[in-house]
2 protein chains.
Amino acid sequence: MTGVSTITVSRAFRHPEKVSEDLRRRIQQAADDIGYVRNRAASALASNRSMNIAVLVPSLSNSVFVETVTGIEKVFREHGYQMLMGVNHYSAEEEEALVRAYLAFAPDGMLLTGFNHRDSTRRLLEQAGIPIVHMMELSDREGAYSVGFSQEAAAQAMTEHLLSRGRQRIAFVASQLDPRTLARNRGYRDAIIRAGLYESHRELLVPDQSSVALGAVLLKRLLEQAPDTDAIFFCNDDLAQGALFECLRQGIAVPNRLAVAGFNDLAISECTVPSLTTIKTPRYEVGVEAARMLLALIEGETVPRKVIDLGFQLRAREST
Amino acid sequence: MTGVSTITVSRAFRHPEKVSEDLRRRIQQAADDIGYVRNRAASALASNRSMNIAVLVPSLSNSVFVETVTGIEKVFREHGYQMLMGVNHYSAEEEEALVRAYLAFAPDGMLLTGFNHRDSTRRLLEQAGIPIVHMMELSDREGAYSVGFSQEAAAQAMTEHLLSRGRQRIAFVASQLDPRTLARNRGYRDAIIRAGLYESHRELLVPDQSSVALGAVLLKRLLEQAPDTDAIFFCNDDLAQGALFECLRQGIAVPNRLAVAGFNDLAISECTVPSLTTIKTPRYEVGVEAARMLLALIEGETVPRKVIDLGFQLRAREST
DNA sequence: ATAAAAAATGATAGCGCTGTCATTGCCATT
DNA sequence: AATGGCAATGACAGCGCTATCATTTTTTAT
């Protein structure tokens, strides 16, 4: 309708520098007028590049992965890629279904959370032949790309912090026993055994999904089975917050009678009364760096390090 | 390789009932072996049905829209559609960019949050000629499909609740002034004016993004400009929670000296001390119903009602 | 003014699938 | 045995775009 061939229109959008200024403007104008939007499906088919990347996270219920995804989006959007996000609810089975679903979009790469995949999922990914980067945990296997931090080291650091505050009877309470939670449990154990203070009845691990309400429940349960506990390390801030509220209700003095610590440093954790000691995890940064690494792999660039450890920070606050 | 034509493979996946049991199994087997996944781009192109639907929400930072999206996903997944989600950060400009980006996926329908779109966005959507359903607010214009509840009515109900508790100097505090927040403000005003108790200095509206930390700040600011306030209605639970913490810190007795109310009923709101009076919004249900409505429109079925009001519930708790 | 190089535009084929119509083979009915 | 009907399978074209190579136009160098 502008008297231009289709290929020129295509070029005006994909390689604007190859089309004369004037013509490009006319094409743009015409496109705006009729509300033309390039069809990605056709583009992907013809160019063999979908410009899609798939991202799988376990949950969006607290802000942890929302921030990661925000970082990912930022990087990819800048480079013209479209991010497709799926939530697997901490289930390797759901993950496989999602991998299948997103592979159908012929993504140029994929970001996965952790390393807890089914063998069949791994096979699917291999056959797809696209680059994969794993987030949050650090690689435990040859050849895998990953960006994250050591969950164990962070949990060790927190346990040592509680020890340094003079606590002797430190409990560990966890729910939703995904691999990262279990790694935190190992970190706690390492530190507490090294201090010669390990007592199995101070560990409380339940499979239920984490929530603030569950934190209150688990606090009560733990104090029943180990009443003389003087510090509790919760595997995440949600549980710790619930415990903090329950202490307030029951008149348990925090930190005097009982120290409480969490993990993740959610925004609310510095607002609670008392404010919550926790581990600040580099969630946003993990997203950004993982996206950059994947981008490099997609573009065929060499990646200097296959494993990027972004560390963590201990935020010591009023609750300990 | 199974000695079957491509069209038969296609049929085995799309219309399994049209392929013999035996052959279908063999095709499935072969597909699993080589990790074959159907290419949606090609499928969409050939069939003129992408089986994509695009969903635009303002934020994922608190669980409000996460729950809505969960409901949407559930419905669409059951029907074989893939949901593509975008976050517009309460910006009509970002929304337009997202509409463009997702229109490129040739979605069969789109779900938008609210009615606050640019004219150019509206034009794009019209030209795309796909069904659109709006969520959270109820339609204010001819022909628009919407699923939600009356933000104004809910805010009125909350204000009347505070009045019924004998409060006379009720403040309204809001941030992130999106259309729904402003509708809540109108609801508050209506009720408070009707009670003859409107005083402009008890309204505090700031454009900043909502957060728990901001709740504490705004509480302080409000109490400076209107120290004798005996109840505060916050436009959302995040702010109200921050205020609750600040009251705890300052020793302000809630609800005796000051009643505090929120909006949304986040999971944490019934755990706080004191527990938070708030409006339970049908977030998940909005997602489910909006998805069903859109599905009906896509399939060309008649939709009984263009506007579905799912109501709300007042949760009176300790904080009032 | 002319040749050579560079820039701008076009023609063609084909990406992987599916809608449509055609063909084959089988069974039931007469 | 012949016919019609139906289920199962296949051939072919084309969805909207872009990679590639071909052609035309413009610019630069001589």
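This passage describes how two protein chains meet, how they approach DNA, and how one sheet is built. The model is predicted.

Chain A and chain B touch through 41 residues from each chain. On chain B, several elements each supply at least two residues of the side that touches chain A. Among them are helix 4 (63–78), strand 2 (82–87), helix 5 (92–103) and helix 10 (237–250) of chain B. Helix 3 of chain B gives the largest share of this side, with 5 residues. By class, the side of chain B that touches chain A divides into 26 nonpolar, 10 polar and 5 charged residues.

Helix 3 of chain B also appears at the DNA. The largest share of the surface near DNA strand C, 5 residues, comes from this helix. Helix 1 (6–14) and helix 3 (40–47) of chain A each supply at least two residues as well, and so does helix 1 (6–14) of chain B. There are 21 residues around DNA strand C. Those that come nearest are Ala46(A), Ser10(B), Ala42(B), Ser43(B) and Ala46(B). The surface near DNA strand C holds 10 nonpolar, 8 polar and 3 charged residues.

Chain A contains an open sheet of 4 strands in the order 7-6-8-9, with parallel pairing. Strand 7 (203–206) and strand 9 (259–261) of chain A each have a single partner strand, so one side of each is left without a neighbour in the sheet. Neighbouring strands are turned by 15° against each other on average, direction ignored. Strand 6 (residues 170–175) and strand 8 (residues 231–234) of chain A run parallel and are joined by 4 bridges. Ile170(A) has Ala231(A), in strand 8 of chain A, as its bridge partner. Helix 8 (residues 179–194) of chain A lies across strand 6, strand 7 and strand 8 of chain A. This helix runs at about 170° to strand 6 of chain A.

Technical notes: Residues numbered from 1 in each chain as written. Chains lettered and ligands numbered in written order. Predicted model: local features only at pLDDT ≥ 70, side-chain atom pairs only at ≥ 80, totals over all residues. Contact = placed C-beta atoms within 7 Å. Nonpolar A, V, L, I, M, F, W, Y, C, P; charged D, E, K, R; others polar. Near = placed C-beta within 6 Å. Pairing = 2+ DSSP bridges. Axes fitted to C-alpha atoms, helices over the stretch in contact; angles between N-to-C directions.
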